[in-house]
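Me: I would like a close look at a single part of this model. Please keep it brisk, and give the cut-offs as you go.

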Amino acid sequence: MNYFSTNNSNHKVSLKEAVIKGLAPDQGLYMPEKVPVLPERFFKQLSRISFREMGYEIIEALFSDDLSPSQIKELVDHTLVFDAPLVKVEEGIYSLELFHGPTLAFKDFGARFCSKLMSMLQDKREIKVLVATSGDTGSAVANGFFGVEGVEVVILYPSGKVSELQEKQFTTLGGNVRAIEVDGVFDDCQQMVKRAFLDPELNGKMLLTSANSINIARWIPQCLYYFYAWSRLPQNNHKTVFAVPSGNFGNLAAGILAERMGLPIDYFVAATNINKVVPDYLNGTAFSAKPSLQTISNSMDVGNPSNFYRLLALFGNDESLLKERVKGFFYTDDMTREAMRKVRAQTDYIMDPHGAIAYLGLKDFMQAAPDRFQGVFLETAHPGKFRNVVEETLNIQLPLPERLQAFMKQEKQADKMANDYAEFKRFLLEN
Ligand SMILES: *Cc1c(COP(=O)(O)O)cnc(C)c1O
């Protein structure tokens with residue numbers, strides 16, 4: 001199967017090129033040329049098979065032109081090493097917990113799949129993945145790529161500008177993950193990475209790539225857990241709605257991909273904080289990027305959501321169909337905190353600020369809907385990852401999750417570097 005650019009459907013590349021390049025040369029996002037529809041037989045048995053078993057069939061439908069059955073099995077087995085439990089929170093309302101991976105956020109799914117797929121597509125030359133991070137991307141990518149053969153990861157981060165916990169998650173692994181502590185700010189790190197991608201001498205000597213969330217290898221596997229969640233809902237005649245806390249809108253776009261593959265989800269809720277350009281668009285304003293604003297759900301502080309054009313492409317660029325199936329809602333920090341308190345008081349369930357926004361969107365959608373619905377909101381991060389906000393909002397003590405405690409006990413290993421491209425280049429050539 002080929003992949004086209006959202007900016008030009010005539011520009012088509014192979015799977016390998018789409019994954020190694022990440023972004024199309026015209027800055028568009030790659031999309032599968034055709035979305036396969038799974039047979040009725042598949043959906044009939046879904047509630048009886050395991051997450052991995054459904055994963056094999058879904059990935060096979062998407063990638064069988066390019067990967068062998070044993071490669072598909074290896075990919076899925078490598079990705080689905082932790083659960084995504086569907087937890088009932090209230091009557092008809094379920095939380096899909098996507099935070100049981102190594103860095104306690106849903107990005108672990110995409111990062112694990114991406115690393116394995118890159119390793120399979122590389123031929124002789126080792127791939128070097130360069131990542132500039134202000135915190136969370138570094139930890140998901142480092143842990144997703146750790147120990148994967150044929151792929152080396154170099155993470156650049158601004159010295160003193162990431163929290164100790166974040167730093168520990170990408171500087172303590174060793175092996176194929178190297179961290180560089182740059183005497184500068186995040187933009188300096190980003191600048192050095194961008195220069196390296198454009199440097200002819202480096203590119204002649206090594207295969208450089210990025211692992212940002214635009215890459216199809218990080219985006220596509222996120223469709224898997226929508227199938228799983230749907231299969232574990234009670235079987236009744238209620239309609240189904242999924243609410244997705246959104247920033248760059250990759251996660252929501254992956255849910256729509258699942259729906260386009262035949263999964264009977266009736267509606268989606270696009271829930272954001274006050275960075276609300278997509279809800280505004282869905283409610284009738286023209287789409288226009290804005291500078292991002294800071295909130296307590298900071299992983300969604302995005303003013304120019306890069307996956308917006310994927311949402312459109314999935315509906316064949318039919319804007320009215322997109323607006324009919326996806327409903328937009330946004331919430332302030334105060335509303336987010338209030339929802340966290342209310343749900344904790346009424347049900348004992350602790351939501352992180354991102355999940356709380358999806359919960360609010362789900363409630364508002366269901367209250368206004370004329371039909372009987374059952375709804376799922378995606379819990380994208382463990383509450384312990386946003387411990388300060390959660391403790392302060394709920395007035396409780398939250399123990400640091402064990403997995404994060406384990407990182408804190410490890411020794412940091414990072415190469416210090418000036419904000420100097422020549423030094424970075426020498427490092428890449430020598431290592
Ligand atoms: C990245 C992130 C999001 C936003 O996901 P998008 O795919 O960018 O919309 C939501 N919640 C958490 C915890 C995240 O880390």
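Which residues does UniProt list for "domain: Tryptophan synthase beta chain-like PALP"? And what is the strand order in the open sheet of 5 strands?

Reply: This is a predicted model: local features need pLDDT of at least 70, side-chain atom pairs count only at pLDDT 80 or more, and totals for chains, interfaces and linings use all residues. Residues are numbered from 1 along each chain as its sequence is written, and side-chain values use heavy atoms, without hydrogens or water.

UniProt lists residues 93-364 for that domain, in an unreviewed entry. The positions follow the numbering used here, the feature name is shortened, and such annotations may be inferred rather than shown by experiment. The end C-alpha atoms of this span lie 12 Å apart. The span is 45% helix and 17% strand. Helices (H or I, at least four residues) and strands (E, at least two) are DSSP runs, numbered from the N terminus.

Now the sheet. Its order is 9-6-7-8-14, with parallel pairing. Two strands pair if DSSP finds at least two bridges between them. Strand 9 (207-209) and strand 14 (415-418) are the edges: each has a single partner strand, so one side of each lacks a neighbour in the sheet. From one strand to the next, the twist averages 25°. Angles run from 0 to 180 degrees between N-to-C directions, with axes fitted to C-alpha atoms, for helices over the stretch in contact.

Walk across it. Strand 6 (residues 127-132) joins strand 9 through 3 bridges. There, I127 stands opposite L207. Strand 7 pairs with strand 8 over 6 bridges. Y157 faces E181 in strand 8. In turn, E181 has K416 of strand 14 as a bridge partner. Strand 8 and strand 14 share 4 bridges.

Strand 8 is mostly covered, with 5 of its 7 residues buried. Buried means under 20% relative accessible area (1.4 Å probe, protein chains only); exposed is over 50%, and partly exposed lies in between.

Helices connect and cross these strands. Strand 7, helix 7 (residues 164-171) and strand 8 make a right-handed β-α-β unit. Right-handed means that, with the strands pointing away from the viewer, the path from the first strand over the helix to the second runs clockwise. Helix 8 (residues 186-198) lies across strand 6, strand 7 (151-158), strand 8 (177-183), strand 9 and strand 14. Its direction is at about 150° to strand 6. Contact means heavy atoms within 4.5 Å.
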